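Let's take a walk through this structure together, strand by strand. Keep the view open as you read, so that you can follow each pairing on screen.

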Amino acid sequence: MKFHKEIRFTGDLDTVFAMLTDKAFREKVAETAGADTWQVTVEERGDGVQAVVDTSQSTAGFPGPAVKVLGSHFDIHQEEDWTSRTEGTMLVTIPGKPGTVRGTVTLRQDGSEVVQTIDADIKVSIPLVGGKIEKLIGSAVGSVLKTQQSVGADWLAG
């Protein structure tokens, strides 16, 4: 399943990039998005930065087929490898489950705003319910990005 999302932040490219690669910002997004637990690491790597976010949250309220596949908790491992301040790759996996979100993340200045664009493929290799789980994952990723935009607006305003 193809996934595309753009979110906007008021500010300049360097400030937005610094926010997106800030450990405290990533922790605030995980908390606000409803994760029960999270662990964030951010490391400089050559000219780039790697941000890794591991979260876990309850599947209470998820559709029945999703709970059957995922269990009582939905664990997510997200890696963003920024090769520059404007380009990177993203990989999201569900530990122990056959699902991935793999794609690119870019930043570009657009007037007084910075546009973050995520283009990815969501793949779940489970017969019969894989497509439904892909849609659920797409919805979850979209929700986290919406939260990131909201938290980012507050972060940049503060």
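What follows is a short tour of the strand pairings in this model, which is predicted.

A good place to begin is strand 7, which covers residues 113-124. On one side of the story is strand 1, residues 2-10, which pairs with strand 7 in the antiparallel sense over nine bridges. To find this pairing in your viewer, look for I7, whose bridge partner in strand 7 is Q116.

Strand 7 also pairs with strand 6, residues 99-110, again in the antiparallel sense and over twelve bridges. Two residue pairs make handy landmarks here. R108 stands opposite V115 in strand 7, and V101 stands opposite I122 in that strand. How many residues lie between strand 6 and strand 7 in their hairpin? There are two, and G111 in the turn has a positive phi of about 65°.

From strand 6 you can step across to strand 5, residues 87-93. These two strands pair in the antiparallel sense over seven bridges, and T89 has T104 in strand 6 as its bridge partner. Strand 5 and strand 6 form a hairpin too, with five residues between the strands. In this hairpin, G96 takes a positive phi near 80°.

As you look along the strands, one rule helps with reading them: in a regular strand, side chains alternate between the two faces of the sheet.

To retrace the route, strand 1 pairs with strand 7, strand 7 with strand 6, and strand 6 with strand 5.

Technical notes:
Residues are numbered from 1 along each chain as its sequence is written. This is a predicted model: local features need pLDDT of at least 70, side-chain atom pairs count only at pLDDT 80 or more; totals for chains, interfaces and linings use all residues. Side-chain values use heavy atoms; hydrogens and water are left out. Two strands pair if DSSP finds at least two bridges between them. Helices (H or I, at least four residues) and strands (E, at least two) are DSSP runs, numbered from the N terminus.
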